[in-house]
Amino acid sequence: MDKLAAIRQPVLQEMAQYKALFDNALTHDDDFLGQALDYVRRRQGKMMRPLLVVLMARELGDVSVDSLRSAVTLELLHTASLVHDDVVDESGERRGQRSVNAVYDNKVAVLVGDYLLSTSLLQAAMTGNIGVVEIISRLGGTLSEGEICQLANIRNEAITEEAYFHIIHHKTAALFAACAELGAISAGADAEYVARAKRFGEIVGLCFQIRDDIFDYYADNRIGKPTGNDMREGKLTLPAIYAINNADNQEVRALAMRVKNGEATADDIAALVDYTKAHGGIEYAQRRMEELHAQALSLLDSWHNAEVREALRGYIDFVVERSL
């Protein structure tokens, strides 16, 4: 049994029910829209976010249809944000597969993203829980704010970890935090459990993004994200930020500013990637991720369902250790 299969084991039936609800939400009679939605549906990945929702609900007993709909609404919102992000970033690939805007065009992709967002809100409303609707509505704004902060940070001469963590909290950690929070709220959890679940999800999201950013320093066609892709977009992530700030090297800082200003050549980017690796950037990012990983594990001591507790331990282990 692989790691993900073991993590899913306590909620296999519930994840099958989730998948049926998700597929139904992405079914439409209109031929053209139906084809576009089918393409989105077929590109669904490991279902990490819905799995987190369902596991958090399972800790408290049987998983209700409201918890499953909460998982659906979050995955639809997340999918909508990715479709729109690919348009903004002019990206032709996501995780090694052609993006919606590459298969169709930008206009269709924007409208498909809008449809997914609307469907997400409908699924939230179908839970009959105003708390679910509020979290989803707030999350949509948070994700957009994260993207705007990232664009603004590219223009900022300062290169700081504080700005980096502010961005990834809004872009990624907030999404995983909402998954855990909705899993708890939809299952009728008390305030203490909701807070613990939300913090666990937040840590998962931070680790997820740091791991994703580390990938960008190594060539791997499987993830559709070649070495230095973030730098090509003017983004400096945690490994480079550490390497730049922990050496008084004006030449490297000037190189970093060319990256942020969109003036860096391919050779410039390759040089900064190599410098980051040679000056401890990857190791530092790994250490920060391991610190967060330890915090997440300590939170799980108070979980009562042994199967769920072990699944969540496996979940954070998988996020930190994953190769894709």
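**Exercise 1. Aromatic pairs**

Task: Count the aromatic pairs in this predicted model, then classify the one formed by Tyr164 and Phe165.

Solution:
- The structure holds 6 aromatic pairs.
- Take the pair of Tyr164 and Phe165: the ring centres lie 5.2 Å apart, with 80 degrees between the planes.
- Planes over 60 degrees apart count as edge-to-face, so Tyr164 and Phe165 form an edge-to-face pair.
- Check burial next: both Tyr164 and Phe165 are buried.
- Then look for a cluster: Tyr193, Phe200 and Trp303 form one.

**Exercise 2. The largest nonpolar core**

Task: Find which residues of the largest nonpolar core touch the most other members, and which helix gives the most to this core.

Solution:
- The core has 103 residues.
- Phe200, Ile210, Leu236 and Tyr315 touch the most other members.
- Helix H9, residues 161-186, gives the most, with 12 residues.
- Now follow Leu236. Setting aside neighbours within four places in sequence, its contacts include Ile159, Tyr164, Met231, Ile241 and Ile244.
- Ala256, Val259, Lys260 and Leu272 are also in contact with Leu236.

**Exercise 3. Packing of H15 and H16**

Task: Describe how helix H15 (residues 281-299) and helix H16 (residues 306-321) are arranged, and what makes their contact.

Solution:
- Two packed helices are described by an angle and a distance between their axes.
- The axes of H15 and H16 come within 10 Å and cross at roughly 175 degrees.
- Therefore H15 is roughly antiparallel to H16.
- H15 contributes Met289, His293, Ala296 and Leu297 to the contact.
- H16 contributes Arg313, Ile316, Asp317 and Val320.
- Sort these contact residues: 5 are nonpolar, 1 is polar and 2 are charged.

Conventions
Residues numbered from 1 in each chain as written. Predicted model: local features only at pLDDT ≥ 70, side-chain atom pairs only at ≥ 80, totals over all residues. Heavy atoms only, no water. Axes fitted to C-alpha atoms, helices over the stretch in contact; angles between N-to-C directions. Helix = DSSP H or I, 4+ residues; strand = E, 2+ residues; numbered from the N terminus. Parallel < 35°, antiparallel > 145°, perpendicular 65-115°, else oblique. Contact = heavy atoms within 4.5 Å. Nonpolar A, V, L, I, M, F, W, Y, C, P; charged D, E, K, R; others polar. Core = buried A, V, L, I, M, F, W, Y, C linked by side-chain atoms within 4.5 Å. Buried < 20%, exposed > 50% of the residue type's maximum accessible area, 1.4 Å probe, protein only. Phe/Tyr/Trp six-rings, centres within 6.5 Å; stacked < 30°, edge-to-face > 60°.
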